[in-house]
Amino acid sequence: MESIALWQGLTVCGIVTWIVISSCLNVSQKLRTLVRPWVSHHVITGTPIILQIQKYQHGFLDALFSGLSCVVSVPFYTAFLPLLFWSGHGKLARQMTLLMAVCDYSGNCIKDVISAPRPSCPPVRRITATKDEKENALEYGLPSSHILNTICLSGYLLRYVLCYTQNEDASLKFAGFAIVCLIVCLTGLGRIYLGMHSVIDVIAGLAIGFSILTFWLSVHDYVDSFIVSGQNVTTFWAVLSLLLLFAYPTPELPTPSFEFHTAFDGVAFGIVAGVQQTYHQFHHEAVPRIFTPQLTVPAFLGRMLVGIPTILMVKYCSKALAKWILPVVSNTLGIPIKSTSYIPMLNGSVTGKQSEEIKQSGYINKLFFFSSQDSFDVDTGIRFLQYSGLAWSVVDLVPSLFSYMRL
């Protein structure tokens, strides 16, 4: 117990120390000044390669690569992971969720630290066929998140399948590896063809993706053991999630990257909290799995019909509840807040009576001395709680409904 509390305390202290040091020394700006000119040079010099690839423009290729970018995107994995939980493969689902959170945080941090441009359009032709792609185009370029996520998640999924089936056939392993390589290559080619990334972005995504996957494969068993049977799991993860929000670097210009991280940070916390509470009821290794007599395909379809509307309803209710509670709590504690989109009344700086109240109880705000913000965007907290509630319902509320309905 003492050793657990010790490493948790050291982890929290380490992150807080990094936040203070990086803020005081302006580490993000210094790294940006050092690295961005080199990256920008390679983005510019790589433009002829993009134009050469785009000479083969065809409607079929537009549809193929646009569709592939949706299949390997964060929204797709967010929709896919609940089905994985409900299929009985709980360990795979929670490990892929946490790996996705690591990929999302790492990739977006690097994007916003470097703040490197995407290929210039024109002359490059940029295809954004979906709303998700249009939002992605507002982010910085290096590294390619699609490549990074694809390497990590497809690689981890392949390892799980080979271990789960315990198949030692070399030809099957080679076929699985070849399929993963094909998907990664097509994804990289597609990001260049669509004009979303330069070659240097794809190369960086490959390198960072391999590094994260290698690291995760060495620690995933320890992480999973801590989640299902550790001490102070929910409290520690809540503190960790909060600190990661403050530790996120400030980009040169605002981008959607921080919003994406906040959402998946909430997902990771909701999954960890829910699994830790209900592991022995719904997520242990002996639960029924799909394609077995205990969980047939019709029963799984029934789970989908019940589960998907439920989690969407919880997401809506969590957002509404957070929009009501967070401003009240913030005003009570004297924390200055604003809202960029969720609450129109909180559209900027704080004035009048509210400002006087903040001066009187401003010591609360001084606790966040490591932040340079004059006020905090309440949308971040709303988004975090919204997706935490969504994730919690996936692993706790919905499985309880399945048990009650005998699905």
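Here are legends for several close-up views of this predicted model.

**View 1. The nonpolar cores of the model, with Trp237 in focus.** Let's start inside the protein. The largest nonpolar core has 71 residues. Phe85, Trp86, Leu98, Leu99, Trp237 and Val275 have the most contacts inside this core. What does tryptophan 237 touch, not counting residues up to four places away in sequence? Its partners are Leu98, Phe226, Ala268, Phe269 and Val272. There is also a second, separate core, made of nine residues, among them Tyr342, Phe376, Val378 and Ile382.

**View 2. Helix H13, its span and its kink.** Helix H13 covers residues 297-333. How far should its 37 residues span at 1.5 Å a residue? The expected value is 54 Å, and the end C-alpha atoms are 51 Å apart, which agrees. Look for alanine 322 along the way: H13 has a kink of about 25° centred on this residue. After H13 comes glycine 334, which has a positive phi, near 75°.

**View 3. Aspartate 379, a buried residue in helix H16.** Find helix H16, residues 378-405, and you will find aspartate 379 in it. Is aspartate 379 buried or exposed? Aspartate 379 is buried, yet it has no salt bridge. Arginine 383 is the nearest side chain of opposite charge, and it lies 5.0 Å away. A salt bridge needs a side-chain nitrogen of Lys or Arg within 4 Å of a carboxyl oxygen, so this pair does not count as one. Beyond its neighbours within four places in sequence, aspartate 379 is in contact with Lys338, Ser339, Thr340, Ser341, Tyr342 and Ile343. You may recognise Tyr342 from View 1, where it was named in the second core.

**View 4. Cysteine 109 in helix H6.** This cysteine sits in helix H6, which runs over residues 90-114. Why is cysteine 109 called buried? Its relative accessible area is 12%, and buried means under 20%, so the residue qualifies. Cysteine 109 touches Tyr248 and Pro249, leaving out residues up to four places away in sequence. To get a feeling for distance, pick out glycine 188 as well: the two residues are 79 residues apart in sequence and 20 Å apart in space, C-alpha to C-alpha.

**View 5. Serine 145 in helix H8.** Our last stop is serine 145, a residue of helix H8 (residues 145-165). Serine 145 has 16% relative accessibility, so it counts as buried too, with the limit at under 20%. Which residues are in contact with serine 145, leaving aside neighbours within four places in sequence? They are Asn108, Lys111 and His197.

Methods
Residues are numbered from 1 along each chain as its sequence is written. This is a predicted model: local features need pLDDT of at least 70, side-chain atom pairs count only at pLDDT 80 or more; totals for chains, interfaces and linings use all residues. Side-chain values use heavy atoms; hydrogens and water are left out. A nonpolar core is a set of buried Ala, Val, Leu, Ile, Met, Phe, Trp, Tyr and Cys residues joined through side-chain atoms within 4.5 Å. Buried means under 20% relative accessible area, exposed over 50%, partly exposed in between (1.4 Å probe, protein chains only). Contact means heavy atoms within 4.5 Å. Helices (H or I, at least four residues) and strands (E, at least two) are DSSP runs, numbered from the N terminus. The expected span of a helix is 1.5 Å times one less than its number of residues. The bend at a residue is the angle between axes fitted to the seven residues ending there and the seven starting there. Lys and Arg count as positive and Asp and Glu as negative; His and the chain ends are not counted.
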